[in-house]
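Q: Please take a close look at the aromatic and nonpolar interior of this model. A connected account of how its parts pack would be welcome.

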Amino acid sequence: MTYQVAEITHRVVSSPGGRIHLAEQGAGPLVLLVHGFPESWYSWRNQLPALAAAGYRAVAIDVRGYGRSSKPAAVDAYRMLDLVEDNVAVVDALGEESAVIIGHDWGATIAANSALIKPEVFRAVGLLSVPYTPRGGPRPSDVFAQMGGGEEFYVSYFQQGRAEAEIEPDVRGWLAGFYAALSADTMPAPGAPDPHFVSRAGMLRDRFPAGRLPAWLSEGDLDVYAGEFERTGATGALNRYRNMDRDWEDLAAFDGAPITQPSLFIGGSLDASTTWLADAIKAYPVTLPGLVSSHVLDGCGHWIQQERPDEVNRLLTDWLASLPA
């Protein structure tokens with residue numbers, strides 16, 4: 001089924017960082033949708049009408065630093081605690097006391113921490129692509145520096161200004177390649193150089209597939225994404241990666257803490273976020289004791305709600321219907 005982007009209301013609400021842009025559709029219990037990198041509210045274009053049709057007030061935000069939301073200049077303005085407060089501010093600005101929060105990619109981590117830190121506001125949490133991993137272990141930057149041997153892990157690469165120098169001269173081409181690299185139908189074949197790593201003195205895009213878009217991404221969709229990043233630049237989005245050590249320090253009180261609200265996980269079997277973190281999924285009985293259901297979609301890549309919108313919409317609406325009123 002194809003859902004058209006129609007009857008969506010756009011507005012901007014106040015937040016601690018300035019303003020948050022949101023797209024809203026439907027009426028009923030609030031469901032807050034949080035995107036990942038490098039996306040925008042538009043990554044939920046297939047979920048907004050489906051959730052609205054199921055009787056929910058579906059709201060997709062532009063995360064701080066993206067789209068039409070504020071983009072503070074300070075790097076440390078993108079720490080996890082600030083993004084959680086943005087989500088709380090959105091719920092309050094919409095006149096609600098609580099919400100179900102659902103996130104994809106970085107949005108899944110933001111959603112998980114929102115539920116962990118503000119359980120009185122976020123009554124349930126859905127995680128797409130990136131499993132919940134409680135805070136703990138060594139400093140993140142030390143872990144990433146040890147990955148890849150003679151190559152550089154993409155997170156370490158994104159933490160540096162070299163990333164903007166690669167992305168911003170050709171935003172549309174870079175996004176097309178990045179989306180294709182992590183999509184089931186266009187990702188590099190097994191055994192090919194891994195696009196999650198950068199060769200020394202190389203660029204991430206050196207390993208992107210070229211020549212065709214994944215089936216889920218039309219030229220028009222790519223125009224939407226590219227237009228936003230051409231206008232805003234990439235720094236606000238990349239600053240999320242540049243705060244991982246600060247988050248590790250800020251969240252020390254939550255070391256090893258479980259999320260106890262009703263939860264949902266959906267991953268893709270071909271997504272490195274799912275396969276690399278398989279142990280985190282196995283740990284869900286301890287880390288997500290309120291887990292209602294967990295699904296790994298066979299043959300699906302990273303952009304899960306865009307690659308498999310009908311299946312994801314069914315799983316989301318079934319889960320939402322199971323939650324206490």
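A: The following account goes from the nonpolar core to one helix beside it and then to the aromatic rings.

The model is predicted: local features need pLDDT of at least 70, side-chain atom pairs count only at pLDDT 80 or more, and totals for chains, interfaces and linings use all residues. Residues are numbered from 1 along each chain as its sequence is written, and side-chain values use heavy atoms, with hydrogens and water left out.

The largest nonpolar core (buried Ala, Val, Leu, Ile, Met, Phe, Trp, Tyr and Cys residues joined through side-chain atoms within 4.5 Å) has 100 residues, and Phe37 and Phe158 touch the most other members. Buried here means under 20% relative accessible area, exposed over 50%, and partly exposed in between, with a 1.4 Å probe and protein chains only. Helix H3 (residues 106–117) gives the most to this core, namely eight residues. Helices (H or I, at least four residues) and strands (E, at least two) are DSSP runs numbered from the N terminus. Residues up to four places away in sequence aside, Phe158 is in contact (heavy atoms within 4.5 Å) with Phe37, Ala163, Trp174, Phe178, Leu204, Leu238, Tyr241 and Arg242.

Two of these partners, Trp174 and Phe178, are among the buried residues of helix H7. In H7 (residues 171–181), nine of the eleven residues are buried. The buried residues of H7 pack against helix H5 (154–158), helix H6 (162–167) and helix H8 (219–232).

Helix H8 also takes part in an aromatic pair. The structure holds 28 aromatic pairs; rings of Phe, Tyr and Trp (its six-membered ring) pair if their centres lie within 6.5 Å, with planes under 30 degrees apart counted as stacked, over 60 as edge-to-face and the rest as tilted. The rings of Trp41 and Tyr42 have centres 5.7 Å apart and planes at 90 degrees, so this pair is edge-to-face. Both Trp41 and Tyr42 are buried. Tyr42 also pairs edge-to-face with Tyr225, because their planes stand at 80 degrees, with ring centres 5.6 Å apart. This second pair links distant parts of the chain: Tyr42 is in the loop between strand E3 (30–34) and helix H1 (47–53), while Tyr225 is in helix H8, 183 residues apart. Tyr42 counts as buried at 12% relative accessibility, and Tyr225 does so at 1%.
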